[in-house]
Amino acid sequence: PPSAMRRRGGKKAQPRPSPPAETAAVPAAAPASAAERSKNEGNAAFQAGDFELAVLRYTDALEAARGDGWDDAALARVHSNRSAALLQRGDAASALEDAEACVRLDAEWAKGHYRRGLGAPAPGRA
């Protein structure tokens with residue numbers, strides 16, 4: 001009905017103009033680096049319970065991250081994730097090595113110490 005086209009005050013509603021083309025499109029996100037993609041694939045594999053694949057993808061992420069200029073804190077997180085996957089796979093010795101690398105890279109981050117504790121042999125069981 002014609003009354004539906006009117007706003008308060010009796011003025012006819014005007015259609016909104018389309019934004020200019022340069023602002024209408026949402027810019028595409030920058031593609032993730034190879035290291036970021038590998039880390040995300042490792043996370044997905046870990047969540048799916050495929051710890052072997054998770055270890056491989058975290059290893060790929062660490063190798064690619066060296067060329068991407070990741071900082072120590074970011075590298076520590078990937079070592080921590082790989083440590084968890086190694087532990088789930090039953091490889092406590094390698095899990096401990098990754099946990100120690102994690103602590104060396106970011107000694108302030110408590111989770112690295114936690115991972116180191118999980119990978120360390122129990123007293124009397126070394």
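**Figure 1. In what order do the elements of the protein run from the N terminus on?** In this predicted model, the order is α-α-α-α-α-α. That gives six helices and zero strands. The protein has 126 residues, and buried ones make up 27% of them. If we take the contacts with a separation of 6 or more, 45% join residues that are 24 or more positions apart. On the outside, the accessible surface comes to about 8600 Å², and carbon and sulfur atoms hold 53% of that area.

**Figure 2. A close-up of helix α2 and its buried side.** Start by following α2 from end to end: its 14 residues reach 20 Å from the first C-alpha to the last, close to the 20 Å expected at 1.5 Å a residue. The buried residues here are A35, S38, K39, G42 and A45. They lie on the same side of α2, because they cover an arc of only 125° around the axis. This buried set packs against α3 and α4. Just after the helix, look for G49, which takes a positive phi of about 85°.

**Figure 3. A close-up of helix α3, with its buried residues and its exposed ones.** How far apart are the end C-alpha atoms of α3? They are 25 Å apart, which agrees with the 26 Å that 18 residues should span at 1.5 Å a residue. F51, A54, V55, Y58, A61, L62 and A65 are buried in this helix. Seen down the axis, they fall within an arc of 120°, so they line one face of α3. The cover over these buried residues includes α2 and α4. On the face turned away from the buried side, you can find the exposed residues E63 and G67. After the helix comes G69, with a positive phi near 75°.

**Figure 4. A close-up of the largest nonpolar core.** This core has 14 residues, and the members that touch the most others are A54, Y58, A65, W70, L75, V78 and A85. Which elements give two or more residues to the core? They are α2 (34-47), α3 and α4 (72-89). Helix α3 provides the largest share, six residues. There is a broader pattern to keep in mind: in soluble globular proteins, nonpolar side chains tend to be buried together.

**Figure 5. A close-up of V55 and Y58, two buried residues of α3.** Is V55 buried or exposed? Its relative accessible area is 8%, and buried means under 20%, so V55 counts as buried. V55 sits in α3, which covers residues 51-68. Beyond its neighbours within four places in sequence, V55 is in contact with R82, A85, L86 and R89. Between the C-alpha atoms of V55 and N43, which are 12 residues apart along the chain, the separation is 9.6 Å. Now turn to Y58: leaving aside neighbours within four places in sequence, its contacts are K39, G42, N43, F46, V78, N81, R82 and A85.

**Figure 6. A close-up of an aromatic pair, F46 and F51.** How many aromatic pairs are there? The count comes to one. In this pair, F46 and F51 meet edge-to-face, with 5.1 Å from centre to centre and 70° between the planes. F46 is partly exposed, with a relative accessible area of 23%, whereas F51 is among the buried residues of α3.

Technical notes
Residues are numbered from 1 along each chain as its sequence is written. This is a predicted model: local features need pLDDT of at least 70, side-chain atom pairs count only at pLDDT 80 or more; totals for chains, interfaces and linings use all residues. Side-chain values use heavy atoms; hydrogens and water are left out. Helices (H or I, at least four residues) and strands (E, at least two) are DSSP runs, numbered from the N terminus. Buried means under 20% relative accessible area, exposed over 50%, partly exposed in between (1.4 Å probe, protein chains only). Contact means heavy atoms within 4.5 Å. A nonpolar core is a set of buried Ala, Val, Leu, Ile, Met, Phe, Trp, Tyr and Cys residues joined through side-chain atoms within 4.5 Å. The expected span of a helix is 1.5 Å times one less than its number of residues. The arc is that of the directions from the helix axis to the C-beta atoms. Accessible areas come from the Shrake-Rupley method with a 1.4 Å probe; for residues, only the protein chains shown count as cover. Rings of Phe, Tyr and Trp (its six-membered ring) pair if their centres lie within 6.5 Å; planes under 30 degrees apart count as stacked, over 60 as edge-to-face and the rest as tilted.
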